[in-house]
Amino acid sequence: ARGRNCYQYFTPSMQEHAVTRMQLVRDMKSAINPANSGQFQLYYQPIIDLRDGSVTKAEALIRWYHPERGFIPLNEFIKLAEETRIIIDIGDWVFREATLQCANWRDRFGDDFQISINTSPVQYHSEHFRVSRWLDYMHTINLPGKAVVVEITEGLLMETTGKVTSELLEFRDAGVQVSLDDFGTGYSSLAYLKKFDIDYLKIDQSFVRELENGSDDMALCEAIIVMAHKLGIKVVAEGVETEEQKRLLMAASCDYAQGYHFARPLPARDFEALLTRRLVGV
Ligand code: C2E
Ligand code: MG
Ligand code: MG
Ligand code: MG
């Protein structure tokens with residue numbers, strides 16, 4: 001991790017670190033086993049339509065409830081899952097669980113409901129991953145393409161191989177929408193927005209956090225929104241925590257917002273209670 005051209009003694013603390021990692025990897029593999037179902041759970045965070053305060057979308061966010069350690073923070077296991085490629089199996093589980101839940105909610109609450117699902121670049125690059133299998137699954141549960149939004153990151157668009165491009169096009173052909181997550185944090189290039197037909201762009205919460213009238217972040221958000229709209233892309237603001245942030249985003253014609261100001265990510269049952277009310281209120 002320190003780069004080439006140097007050496008480093010293996011220290012007890014490194015050993016401890018390696019052991020913890022190995023344990024975590026082992027536990028992740030066991031958590032994905034259907035016999036241990038319940039360790040991985042999906043939480044749902046509403047995405048609010050800023051025109052009327054309605055909730056017709058939710059982002060599915062994974063949670064890992066470890067039998068001995070309780071909830072493990074995402075930043076402790078997602079990277080590790082990517083490095084070990086366990087994310088491919090986890091991602092399959094997330095996709096099936098989220099789409100099944102979405103089908104259920106569409107039946108009961110209206111078929112304009114959409115589920116937004118995070119995906120990792122590691123999945124698209126893997127030889128073992130096929131978008132067509134996900135589409136087959138959606139077919140078996142009778143879920144139309146337009147019910148699903150896949151969230152990808154700028155990193156994925158940077159290193160597009162033929163496989164990545166064709167997998168993404170498969171989503172497109174099936175009517176699945178694509179959202180560019182954490183916009184502005186990666187190696188953003190406006191060229192990607194032109195190259196790929198993207199439906200949504202999510203402004204990263206780091207730009208939203210310090211939104212105030214006249215700040216640089218305000219200027220950036222406004223510019224991103226104007227540009228996106230000219231390209232026919234809808235904008236979602238992430239991490240909206242205050243009334244003032246919401247107000248400024250509305251003034252800038254932002255389409256959707258997500259954040260603690262409206263609701264935290266919720267277990268399915270709590271999200272359902274919110275869906276029955278539909279309006280979170282703008
Ligand atoms: P993300 O996709 O950008 O998700 C938004 C993150 O912001 C979530 O963190 C959410 O809980 C948090 N958040 C929402 N509103 C607010 C707010 O108002 N303030 C603040 N400070 N935070 C807010 P979470 O759930 O910890 O997820 C972290 C990241 O882990 C996600 O970032 C996503 O990149 C990744 N992730 C989560 N679930 C999955 C999954 O199923 N698959 C993959 N590949 N990655 C996932
Ligand atoms: Mg996301
Ligand atoms: Mg994000
Ligand atoms: Mg983010």
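In this predicted model, two magnesium ions, ligand 2 and ligand 3, lie 3.8 Å apart and are bridged by aspartate 181. Aspartate 181 is therefore a convenient point from which to describe both metal sites, since it counts among the donors of each ion and is buried, under the cut-off of 20% relative accessible area.

The magnesium ion (ligand 2) takes its protein donors from Glu59 (OE), Asn118 (OD1), Glu151 (OE) and Asp181 (OD), at distances of 2.0 to 2.2 Å. Along the chain, these donors follow the spacing E-x58-N-x32-E-x29-D. Distant parts of the chain are linked in this way: glutamate 59 belongs to strand S2 and asparagine 118 to strand S4 (residues 114-118), 59 residues apart. These two donors fall into separate accessibility classes. Glutamate 59 counts as buried because its relative accessibility is 4%, whereas asparagine 118, with a relative accessible area of 29%, is partly exposed.

The magnesium ion (ligand 3) is coordinated at 2.0 to 2.6 Å by Asp181 (OD), Asp182 (OD), Glu238 (OE) and Glu238 (OE), so that Glu238 appears twice in the list of donors. The spacing of the donors along the chain is D-D-x55-E. Here too, distant parts of the chain are linked: aspartate 181 is in strand S6, and glutamate 238 is in the loop between strand S8 (234-237) and helix H11 (243-251), 57 residues apart. Glutamate 238, like aspartate 181, is buried.

Aspartate 182, a donor to the magnesium ion (ligand 3), merits separate attention for its backbone. Aspartate 182 lies in strand S6 and has a positive phi of about 50°, although it is not a glycine. With a relative accessible area of 26%, aspartate 182 is partly exposed. A positive phi also occurs at asparagine 142, where the angle is near 65°. Asparagine 142 is placed in the loop between helix H5 (131-140) and strand S5, and it counts as exposed because its relative accessibility is 69%.

The description now turns to ligand 1. There are 22 residues around ligand 1, and those that come nearest are Arg63, Asn118, Asp181, Glu241 and Tyr260. Two of these names have already appeared, as Asn118 and Asp181 are donors of the magnesium ion (ligand 2). Individual polar atom pairs can be traced for the other three. A polar side-chain atom of arginine 63 is 2.9 Å from an oxygen atom of ligand 1. On glutamate 241, an N or O atom in the side chain is 2.5 Å from a nitrogen atom of the ligand. Tyrosine 260 uses its backbone, a polar atom of which lies 2.8 Å from an oxygen atom of ligand 1.

The largest pocket holds about 1500 Å³ of space. Its lining comprises 44 residues, with Leu61, Ile78, Asn118, Asp181 and Asp182 nearest the centre. Asn118 and Asp181 thus recur once more, having been named among the residues nearest ligand 1. Elements that each supply at least two lining residues include strand S1 (40-49), strand S2 (55-66), helix H3 (87-109) and strand S6 (177-183). By residue class, the lining divides into 16 nonpolar, 15 polar and 13 charged residues.

A search of the whole structure also finds 1 cavity of 30 Å³ or more. The largest cavity has a volume of about 50 Å³. Its lining consists of Ile47, Lys57, Ser116, Val149, Glu151, Ser179, Tyr200, Lys202 and Val236, which divide into 4 nonpolar, 2 polar and 3 charged residues. Strand S5 and strand S7 (200-203) each supply at least two of them. Glu151, a lining residue of this cavity, is also a donor of the magnesium ion (ligand 2).

Two further loop positions complete the account. Serine 120 is found in the loop between strand S4 and helix H4 and counts as buried because its relative accessibility is 6%. The side chain of serine 120 is joined to that of glutamate 82 by a polar contact of 2.7 Å. Threonine 161 is in the loop between helix H6 and helix H7 (162-173) and, at 38% relative accessibility, is partly exposed. Threonine 161 and alanine 81 are 80 residues apart in sequence, and their C-alpha atoms are 22 Å apart in space.

Technical notes: Residues are numbered from 1 along each chain as its sequence is written. Chains are lettered from A and ligands numbered from 1 in the order in which they are written. This is a predicted model: local features need pLDDT of at least 70, side-chain atom pairs count only at pLDDT 80 or more; totals for chains, interfaces and linings use all residues. Side-chain values use heavy atoms; hydrogens and water are left out. On a 1 Å grid over the protein atoms alone, a cavity is a set of points where a 1.4 Å probe fits but cannot get out, and a pocket is an open set with protein on both sides within 12 Å along at least five of seven lines; lining residues have an atom within 4 Å of a point. Grid points are joined across faces, edges and corners, and a volume is the space filled by probe spheres set on the points. Helices (H or I, at least four residues) and strands (E, at least two) are DSSP runs, numbered from the N terminus. Ala, Val, Leu, Ile, Met, Phe, Trp, Tyr, Cys and Pro count as nonpolar, Asp, Glu, Lys and Arg as charged, and the others, Gly among them, as polar. Donors are N, O and S atoms within 2.8 Å of the metal (3.2 Å for Na, K and Ca); water is not among the atoms, so sites may look incomplete. Buried means under 20% relative accessible area, exposed over 50%, partly exposed in between (1.4 Å probe, protein chains only). A residue is near a molecule or strand if one of its heavy atoms lies within 4 Å of it. A polar contact is a pair of N or O atoms within 3.5 Å; within protein, one must be able to donate a hydrogen and the other to accept it, and residues adjacent in sequence count only if both atoms are side-chain atoms.
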